[in-house]
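Me: I'd like a close look at one part here, the pockets. Could you walk me through what lines them, and then glance at the surface too?

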Amino acid sequence: MADKLENIKSGNMGRGNLSFRIFKDRLFKIFVFVISGLATIPLLLILFYIAKMGIASINWEFFINLPRPPGEVGGGIANALVGTLILILTSSLIAIPPAIALGVFMSENKTKSFSKWIGSGVEILQGIPSIVIGIIAYVWVVRPMGGFSALSGSVALAIMMIPFIAKSTEETLKMIPLHLKEASMALGVPYYKTILKVVMPAGLSGIVTGVIIAIARVAGETAPLLFTAFGNHFMSYSIFKPMNSLPLLIFNYAGSPYDEWHSLAWGASFVLVVMVLLLNIISKILSKRWKVKF
Amino acid sequence: MESKILKIKDFNAYYDDAQVLKDINLSILKNNVTAIMGPSGCGKTTLIRAINRMHDFTPNARMEGEILLNNEDLYQMEPIIVRRKIGMVFQRPNPFPTMSIFDNVIAGYKLNGIKLSKEDRNNIVEDSLRKSAMWDEVKDNLHKKGSFLSGGQQQRLCIARALAMKPEILLLDEPTSALDPKATAHIEELISELKDYVTMILVTHNIAQAARISNYTVFLYLGELVEYDKTNKMMTTPKDKRTEEYLTGKFG
Ligand SMILES: Nc1ncnc2c1ncn2[C@@H]1O[C@H](COP(=O)(O)OP(=O)(O)OP(=O)(O)O)[C@@H](O)[C@H]1O
Ligand SMILES: [Mg+2]
């Protein structure tokens with residue numbers, strides 16, 4: 001007993017003396033540091049390369065002009081920029097209400113088997129490849145409507161957003177302590193008002209963060225738009241007509257044989273990357289700012 | 001002759017098939033503090049949550065019998081009305097973290113969508129905070145978040161929030177068990193003073209606390225009501241052997 005205590009005091013626990021263990025500890029830390037450094041190098045290279053190729057083609061004209069035919073300089077990506085914004089807006093409008101409702105339902109009815117079925121359904125939906133979702137939107141929306149449209153593209157993106165937002169809403173609301181709900185109920189507040197006015201505001205930061213990350217995820221999706229929004233060389237504001245988007249423009253122009261279009265594609269890639277990065281940063285800031293302490 | 005504000009008649013409670021309250025008969029007297037005492041798991045929380053129908057949200061809980069508030073059966077009334085007439089303070093302070101102190105106090109009105117004039121609102125907030133002995137501490141910070149207060153202050157804020165609804169009965173489930181001795185003393189003092197406004201039912205593990213602040217004491221044991229008497233009488237000359245054993249610390 002006394003022996004053991006002496007050992008602990010001198011740092012002599014088990015094998016090896018203290019300085020050797022500190023050495024091992026250091027070695028391991030350095031190892032982890034170097035490996036994680038190596039792993040980030042390709043990521044940084046990609047970012048650097050996109051920035052290098054993209055920034056060259058970016059100027060004011062780039063944002064306000066439409067793409068020009070091959071051989072002409074000075075084209076821009078205005079239609080794709082507007083298209084991406086409209087697609088994101090429309091798909092958010094379609095996805096957010098049902099997705100949040102689903103999330104609330106799942107967190108409020110954890111034990112019901114029906115809710116478990118819905119939970120697995122949501123997970124399966126999350127795993128479906130985006131190209132398949134594009135085909136589904138084609139069958140459900142494009143064919144009945146008789147043509148490609150931004151609306152059908154938004155439906156495809158919304159289908160991708162719903163499971164993500166539902167899951168993040170569920171996870172957020174599950175973390176909200178029961179005693180908060182009870183506090184409201186004990187004041188005679190009806191159940192639905194308790195959910196709307198107490199539980200959801202307490203989870204607002206998590207819900208909003210989930211929405212923003214969902215948007216960031218679909219902003220770069222190409223596959224679901226190929227046979228839905230389709231793409232458009234001209235400016236279009238109508239959700240019932242084909243519409244361009246940043247990833248569609250990149251897809252179409254990067255595969256073309258023309259240098260002017262290549263540089264448009266690089267510029268668009270850079271804009272897209274910055275956009276997604278900004279969305280992620282915003283979500284981080286919001287989730288800190290609006291964090292509720294219980 | 002003191003009036004009986006609440007009568008519990010032949011009351012049984014079950015979780016799934018396990019019976020946790022057995023044939024409880026009890027009348028609570030108006031403007032008194034009634035302490036409910038007993039060893040852990042004897043059904044104290046179950047009993048007081050039955051009084052404002054909080055079990056409605058526990059799917060596996062089942063209640064039998066009657067609880068009459070001023071001779072009206074609670075289980076025939078709208079649960080929402082019941083909870084406005086019978087307020088509750090919980091073991092852990094639970095102010096609404098997204099609301100200011102002011103909004104916490106009138107949360108019962110706000111969340112229920114009850115419209116109040118600005119004057120009424122201010123009066124209710126001031127009155128409730130004065131009753132919960134908090135007004136002087138927070139009157140300059142009414143629009144700050146309630147979650148920055150100390151634990152004891154948060155609990156008094158929760159009492160103020162319950163008082164703001166002008167309840168007939170206030171239920172307190174071990175309101176001081178999460179607090180330090182000083183905050184506990186403060187809450188105990190407060191409960192003694194509040195008797196004039198509201199009838200209180202207090203669950204406590206702490207025999208000394210029951211002795212200090214309650215007029216009547218109920219002793220529950222394994223879901224049975226063993227003894228109910230004036231506190232000083234029960235503390236000095238308990239009738240039942242089990243009460244005596246509990247009071248002398250033989251179990252608990
Ligand atoms: N939701 C529930 N489902 C099943 N059993 C429960 C539930 N809530 C409580 N019980 C059981 O009912 C019995 C009484 O519980 P209760 O919480 O009323 O006791 P208590 O006297 O308040 O105890 P404590 O002093 O520890 O708070 C206990 O055996 C408990 O395990
Ligand atoms: Mg209890």
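Reply:

**A look at the pockets**

Keep in mind that this is a predicted model. The largest pocket has a volume of about 630 Å³. There are 22 residues lining this pocket, and closest to its centre sit A:Glu108, A:Lys110, A:Leu178, A:Lys181 and B:Phe57. As for elements, α4 (78–108), α7 (150–174), α8 (178–185) and α9 (191–202) of chain A are the ones that give two or more residues to the lining. Of these, α8(A) has the largest share, with 5 residues. Sort the lining of the largest pocket by class and you get 11 nonpolar, 4 polar and 7 charged residues.

Now for the second largest pocket, which holds about 240 Å³ of space. Chain A brings A:Pro201, A:Leu204, A:Ser205, A:Trp290, A:Lys291, A:Val292 and A:Lys293 to its lining. From chain B come B:Pro97, B:Thr98, B:Lys145, B:Ser147 and B:Phe148. The class split for this second largest pocket is 6 nonpolar, 3 polar and 3 charged residues.

Over to the surface. A nonpolar patch there covers about 1000 Å². Its members are A:Phe28, A:Ile30, A:Phe31, A:Val32, A:Phe33, A:Val34, A:Ile35, A:Leu38, A:Ile41 and A:Leu45. Take A:Ile30 as one of them: this residue lies in helix α2 (residues 18–55) of chain A. A:Ile30 counts as exposed because its relative accessibility is 51%, and the cut-off for exposed is over 50%.

Notes
Residues are numbered from 1 along each chain as its sequence is written. Chains are lettered from A and ligands numbered from 1 in the order in which they are written. This is a predicted model: local features need pLDDT of at least 70, side-chain atom pairs count only at pLDDT 80 or more; totals for chains, interfaces and linings use all residues. Side-chain values use heavy atoms; hydrogens and water are left out. On a 1 Å grid over the protein atoms alone, a cavity is a set of points where a 1.4 Å probe fits but cannot get out, and a pocket is an open set with protein on both sides within 12 Å along at least five of seven lines; lining residues have an atom within 4 Å of a point. Grid points are joined across faces, edges and corners, and a volume is the space filled by probe spheres set on the points. Helices (H or I, at least four residues) and strands (E, at least two) are DSSP runs, numbered from the N terminus. Ala, Val, Leu, Ile, Met, Phe, Trp, Tyr, Cys and Pro count as nonpolar, Asp, Glu, Lys and Arg as charged, and the others, Gly among them, as polar. Patches are made of residues with over 30% relative accessible area and no salt bridge: like charges are joined within 9 Å, nonpolar side chains (Val, Leu, Ile, Met, Phe, Trp, Tyr) within 5 Å. Accessible areas come from the Shrake-Rupley method with a 1.4 Å probe; for residues, only the protein chains shown count as cover. A salt bridge is a side-chain nitrogen of Lys or Arg within 4 Å of a carboxyl oxygen of Asp or Glu. Buried means under 20% relative accessible area, exposed over 50%, partly exposed in between (1.4 Å probe, protein chains only).
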